Amino acid sequence: RPACAGLTGEDWLGWLAEQDPNGFPWRERGRSLLVAPYAPSGAMAAGLEELIDAADGWVSAPKPKSGSGRRLRLPGRRRAVSPTGEGGHV
């Protein structure tokens, strides 16, 4: 949390890109996360499935080998939305 809690905008996308074990291009494809809170309802729906899949792949990735210094799992979180749109926080 301390490493990313205060990040916003491009800094946050950069942190996501650097920490993602699967190499998703957060800087390029994650920009909708920066504007989605201010967009009209439903305006951002088209690109969200890709972001959901990328986030799911990140939190589902195997833990790095000890000594890598990177924590990739978010404690207490699991996939919030299934590909069918069902589900919730667990």
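**Group meeting: a walk through a four-helix model**

The average pLDDT over this chain is 74, and 69% of the residues score at least 70. What you're looking at is a predicted model, by the way, so let me start with the part to be careful about. Over residues 67-90, pLDDT stays under 50. The model does have 30 contacts beyond four places in sequence for that stretch. Still, where pLDDT is low, the predicted coordinates should not be read in detail. I'll leave that stretch there.

Okay, the overall layout. How many helices and strands does the chain have? We get 4 helices and 0 strands, and reading along the sequence gives you the pattern α-α-α-α. There are 90 residues, of which 18% count as buried. The exposed surface of the chain is about 6600 Å², with carbon and sulfur atoms supplying 55% of it. And if you take the contacts in the chain with a separation of 6 or more, 39% of them come from residues 24 or more positions apart.

Now the inside. Which residues make up the largest nonpolar core? There are 9 of them: Cys4, Leu13, Trp15, Leu16, Phe24, Trp26, Leu51, Ala54 and Trp58. Helices H1 and H4 each supply at least two residues of this core. As background, nonpolar side chains tend to be buried together in soluble globular proteins.

Let's pick out one core member, Leu51. Skipping its neighbours within four places in sequence, Leu51 touches Phe24, Trp26, Arg29, Gly30, Ser32 and Leu33. Of that list, Phe24 and Trp26 are also in the core.

Next, helix H1. The buried residues there are Leu13, Gly14, Trp15, Leu16 and Gln19. What do they pack against? The buried residues of H1 pack against H2, H3 and H4.

Let's move on to charges. Side chains of opposite charge can pair when their charged atoms come close. Here we count 3 salt bridges, and I'll take them one by one.

Pair one is Arg31 with Glu10, whose side chains meet at 2.2 Å, N to O. Glu10 sits in helix H1, residues 9-19, and Arg31 in the loop between helix H2 (26-29) and helix H3 (32-35), so this salt bridge ties together parts that are 21 residues apart in sequence. Buried or exposed, then, for Arg31? Somewhere in between: Arg31 is partly exposed, with a relative accessible area of 38%. Glu10 is partly exposed too, at 42%.

Pair two is Arg27 and Glu18, where the closest N and O atoms are 3.4 Å apart. Arg27 counts as partly exposed at 35% relative accessibility, and Glu18 counts as partly exposed at 48%.

Pair three brings together Glu50 and Arg29, with 3.0 Å between the closest N and O atoms. This one links distant parts of the chain: Glu50 belongs to helix H4 (residues 45-60) and Arg29 to helix H2, 21 residues apart. For exposure, Glu50 has a relative accessible area of 35%, which is partly exposed, and Arg29 is partly exposed at 43%. You've met Arg29 already, as one of the contacts of Leu51.

So, to wrap up: we have a chain of 4 helices, a nonpolar core of 9 residues, and 3 salt bridges. And when you go back to the model, remember that residues 67-90 have pLDDT under 50. That's it from me.

Methods
Residues are numbered from 1 along each chain as its sequence is written. This is a predicted model: local features need pLDDT of at least 70, side-chain atom pairs count only at pLDDT 80 or more; totals for chains, interfaces and linings use all residues. Side-chain values use heavy atoms; hydrogens and water are left out. A salt bridge is a side-chain nitrogen of Lys or Arg within 4 Å of a carboxyl oxygen of Asp or Glu. Buried means under 20% relative accessible area, exposed over 50%, partly exposed in between (1.4 Å probe, protein chains only). A nonpolar core is a set of buried Ala, Val, Leu, Ile, Met, Phe, Trp, Tyr and Cys residues joined through side-chain atoms within 4.5 Å. Contact means heavy atoms within 4.5 Å. pLDDT is the predictor's confidence in each residue, from 0 to 100. Accessible areas come from the Shrake-Rupley method with a 1.4 Å probe; for residues, only the protein chains shown count as cover.
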